[in-house]
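Hi,

Here is the structure we talked about, ready for you to open. Have a look at it first, then read on for what I found.

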Amino acid sequence: MQNKGLVKLFALLFGLVSIYQLSFTFKANQIENTAKEIAISRIADSIPDYDVKRSLEETRYLDSLSNQKVFDIGIADFTYKEVKDKAMNLGLDLKGGINVILQISVKDILKGLANDSKDPVFRKALDDAEELQKDSQNTYLEDFFVAFEAIKGDTKLASPDIFANRTLSEEITFNMTDNEVKPILKRKIDESIVSAFEVLRKRIDKFGVTQPNIQRLGNSGRILVELPGAKDIGRVKGLLQSTAQLEFWDAYKGEEFLPFLVQANEVLKDIVEVDTNVEEVESQDSEEDSQIEALLGETTTDSIVVAVNPLLDLMRGQGYQGGPVVALFEAKDKQTVTDYLNKPEVRSLLSPEQRYVKFVWGIQDKDSEVVELYALIGNRDNKPQLSGAVITDARQAYAPNGQPTVSMQMNSKGAKIWEEMTGKAFNQGSQIAIVLDDIVYSAPGVTTGPIAGGNSEISGSFTLNEAVDLANVLRAGKLPASADIVQADEVGPSLGQEAIDSGMKSFLIALSLVLIWMLFYYGKAGIFSNIALMLNITLIFGILAGLGAVLTLPGIAGIVLTIGIAVDANVLIYERIREELSKGKGQKEAVSDGFSNALSSILDANITTGLTALILFVFGTGPIKGFATTLLIGILTSLFTAIFISRLLIDWYVNKYGKLDFSTALTKGLFRNINIDFLRKRKFAYVISGLIILGGLTSLFTTGLDEGIDFVGGRTYQVRFAQDVNTEEVKDAVHAVFESAEVKTIGGANQLKISTKYRVDDNSAEADEDVQSKLFESLKPFLPDGITYAEFIDGSGNKKIGKMYSGKVSPTIADDIKKSSVWAVLGSLLVVFLYILLRFKRWQFSLGAVAAVFHDVLIVLGIYSITWRFMPFSMEIDQAFIAAILTVIGYSLNDTVVVFDRIREFLNEHTSWEFDRTVNKALNSTLSRTLNTSLTTLVVLLSMFTFGADSLRDLLFALIVGVLVGTYSSVFIATPIMRDTINRLEERKKK
């Protein structure tokens, strides 16, 4: 081997750099373990909410080290913040946290640009665009243009009632055509999305999560946010979805609207379906009933008959005299009351002075079931006198009673308006409502005269975290439009820790088995391959840490699969060396020729696998991208260690000791002098494969596949119980609430995966909360007595019972995932066909390889379709399954290319042989390598399947089936089809 010195230098440098990068990970883990121990020592188990307080104590300790030097490596020292930044990034599935895709509402942005135009054509185009989006790959704006074109008639985008308004007057004029307006709107939309991106980035930066990731996804208006390690998921979601629309409104006195409520109640009796039965009501002294009776002008007797009142029966009290609260209602009745008050028949009862009133709900206290209804002084344009745009700074502060508040500072324009508003409120004895995202947080009166200087304060029953978050949100600025979560994954930290433990266990078992096998099969030569393999793994982890790549659970599976790829390269080399030695060549010559002859097969096999991994990287997201990343890095490091490091070690040994055995007493001569006529058995193989594929296709068209939410949309939850539960009983309980739901066991019988399409089209935070709360109610009979909703949601508590994971995919996202998955598979097949055509120069080789891949994919799909109903683990068709299919394609091609490479070599060497004899000899000569590689890969996959995380079993099952089928198809499908097509072509030429 030439340039040995350079190879040694590179190996040394790569090794040292990898160890250097990994040292930060080890140090960070050490510091974090110390922080946990300190928190446990300071916060006893007997203290209420000890787990929350320990988490806060842990964070406090780590924050105190943020700028302290904690790691000295001799030539440099680093602070904890620097150590953490350089440490390996763990993905959501290993660390816990939240990963969401937010859809910025382009519809809201367009409404804003049109000054909330009421033009009927504009409004209908907005609604039609939403319908088009359900089956479209276009952006919302593109579908809006399509919808507008279809119905516009004489209306133009540059109409004064739409976009040629005062706000856009400098850019859009009345005489512009639609084609001239469209690029301006595209630019405005893009600016708004960039603004939303920056606002979200500022909010996340203030949240304090280490190693956050936020990025725009194309031009779709979608923003990806990954926050590994985030523990308070509800707080994160609130931070991301809050538009921070701050408004200041003058408020009416609540008692002014009590007669209106009585009149509204009478009108509603005639237009709302209510229970018209009458009931005996005994005299009650409760405050609630006396208030309602006062409104009705009735008195209580010992026994009276009262008709059901649609609105007043929902009241649970009224506001204090002179205050801004009209009445109190239960939180569950908010939507009903809002619908009643918005009915035209009810609004018509308002006096001319009150016709623009805004009924707005107050913020609900955590310990209260009721919520206050406010009446705010509105106007025709529904615009507040003062908005959050004037806020220049916001800080968390404290009220005199120690309650957390948020203090705000306004600019000069805002300060002037604020002084006018507070002066008016002082003179009239009224209140000013401070409204955030259509919720009244506080409505203080003014007792000391006009407030100058632009200072104001938001008070409410805030926790410290809520006050800090609100101040950060206001300081970062408002979102230009609403942001809905269209895809989400939430993983509890305990589930992440379990994934790390199971992943490492399965990884070490797989590695140990491979190391033992290589020693058993190749003897001393196996030692060198094992050294190269250990260096390979060190390089993979070092490169991952150095690049700042994220290590995910599928990423660990990718590393384990890389072990199989690395072993394959060494097996190819060693088998070729054994062949050269059997020809009587000397040790040095055999080693040299063995490496040279194996190089072509190694490169072809790894390039085809690498191409499929690259396609997976391009089309995959989240953990699947992590799988592709580790696979790509593993392929490159495997090539380096197998071709150069193994060669370096073997050359050193041969030069020093003269003789190196590449087998042991038990394996010497194994698989030698085999002469199986594989081609003669091809028709039998065709029949067997045809029957299996036919059975699979029959099942696919009748039973189908178990499509996960990635492909159909919906919400899914992984719930752990204190004891084993009956799946059918849980399914009945969940069905009673959601009407349709899938319930499957995942792992043990005390853990279920529950998926539902209930409210699948609603991406709002309210819908997420509604589904989650209904799930809790349906599962209550199976959960420990006394467990609260908060404890259920925080399944990462000490008991590890409740929600461990949740995921959500909107139908639009699901449609995108499905289409991109199809393109990924088709794209990989096309790339492989072209590569093999380029390498082997004959289309028959490409046809054989692609036919074998189709064969393998159909069999895997068929087996999934036949077995998913009774397998003891989830077999959903999701992004992980697509990753498995692409990996199967890569592995199948790896095997096929090695066989084809040997056939090509034999065709060039043995030109006088018959074609069938050449092919059979080539197949027999690769049999040792084929079986050896397949066995080691299967050992690796089976160890992961047996000892790894439950969430990976569907992916690993597909890979196991794929390896078995791929090994079979490379010999019995790809090669025979290549042979048959070549023979037929030759026969036609003879004719």
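Below are my notes on confidence, salt bridges and cavities.

First, please keep in mind that this is a predicted model. The protein chain has a mean pLDDT of 83, with 93% of its residues at 70 or more. Among its elements, helix 21 has the highest mean pLDDT, at 93, while strand 8 (residues 279–282) has the lowest, at 38. Go carefully around residues 275–307: pLDDT stays under 50 there, and the model has 34 contacts beyond four places in sequence for that stretch.

Now the salt bridges. There are 52 of them in the structure, and I picked out a few.

Lysine 744 pairs with aspartate 706, and their closest N and O atoms are 2.5 Å apart. What does this pair tie together? Lysine 744 sits in strand 23 (residues 741–746), and aspartate 706 is in the loop between helix 21 (682–702) and helix 22 (709–712), so the bridge links parts that are 38 residues apart in sequence. Are the two partners buried or exposed? Lysine 744 counts as buried because its relative accessibility is 15%, and aspartate 706 counts as buried too, at 7%; the cut-off for buried is under 20%.

Arginine 759 and aspartate 770 also meet through their side chains, at 2.8 Å from N to O. Arginine 759 is in the loop between strand 24 (748–756) and helix 24 (765–779), and aspartate 770 is in helix 24 itself, so this bridge ties together parts 11 residues apart in sequence. Aspartate 770 is buried, with a relative accessible area of 17%, whereas arginine 759 is partly exposed at 32%.

For a pair with an exposed partner, look at lysine 118 and aspartate 116, whose side chains form a salt bridge at 3.4 Å, N to O. Lysine 118 is exposed, with a relative accessible area of 61%, and aspartate 116 is partly exposed at 36%.

One more for your list: Glu149, Lys152, Asp178 and Lys182 are joined in a network of salt bridges.

On to the cavities. Searching the whole structure turned up 5 cavities of 30 Å³ or more.

The largest has a volume of about 160 Å³. It is lined by 18 residues, and the closest to its centre are Leu561, Ile565, Thr887, Tyr891 and Thr937. Which elements give two or more residues to this lining? They are helix 18 (553–582), helix 28 (879–909), helix 30 (927–947) and helix 31 (953–990). Helix 28 has the largest share, with 5 residues. By class, the lining of the largest cavity is made up of 8 nonpolar, 8 polar and 2 charged residues.

The second largest cavity holds about 110 Å³ of space. Among the residues lining it are Lys237, Glu490, Arg715, Asp768 and Lys808. Strand 20 (483–491), strand 22 (714–720), helix 24 and strand 25 (802–809) each give two or more residues to the lining of this second cavity. Strand 25 gives the most, with 3. Its lining divides into 2 nonpolar, 3 polar and 5 charged residues. You will recognise helix 24 here, as it also holds aspartate 770 from the bridge with arginine 759.

Shout if anything is unclear.

Cheers

Key: Residues are numbered from 1 along each chain as its sequence is written. This is a predicted model: local features need pLDDT of at least 70, side-chain atom pairs count only at pLDDT 80 or more; totals for chains, interfaces and linings use all residues. Side-chain values use heavy atoms; hydrogens and water are left out. A salt bridge is a side-chain nitrogen of Lys or Arg within 4 Å of a carboxyl oxygen of Asp or Glu. Buried means under 20% relative accessible area, exposed over 50%, partly exposed in between (1.4 Å probe, protein chains only). Helices (H or I, at least four residues) and strands (E, at least two) are DSSP runs, numbered from the N terminus. pLDDT is the predictor's confidence in each residue, from 0 to 100. Contact means heavy atoms within 4.5 Å. On a 1 Å grid over the protein atoms alone, a cavity is a set of points where a 1.4 Å probe fits but cannot get out, and a pocket is an open set with protein on both sides within 12 Å along at least five of seven lines; lining residues have an atom within 4 Å of a point. Grid points are joined across faces, edges and corners, and a volume is the space filled by probe spheres set on the points. Ala, Val, Leu, Ile, Met, Phe, Trp, Tyr, Cys and Pro count as nonpolar, Asp, Glu, Lys and Arg as charged, and the others, Gly among them, as polar.
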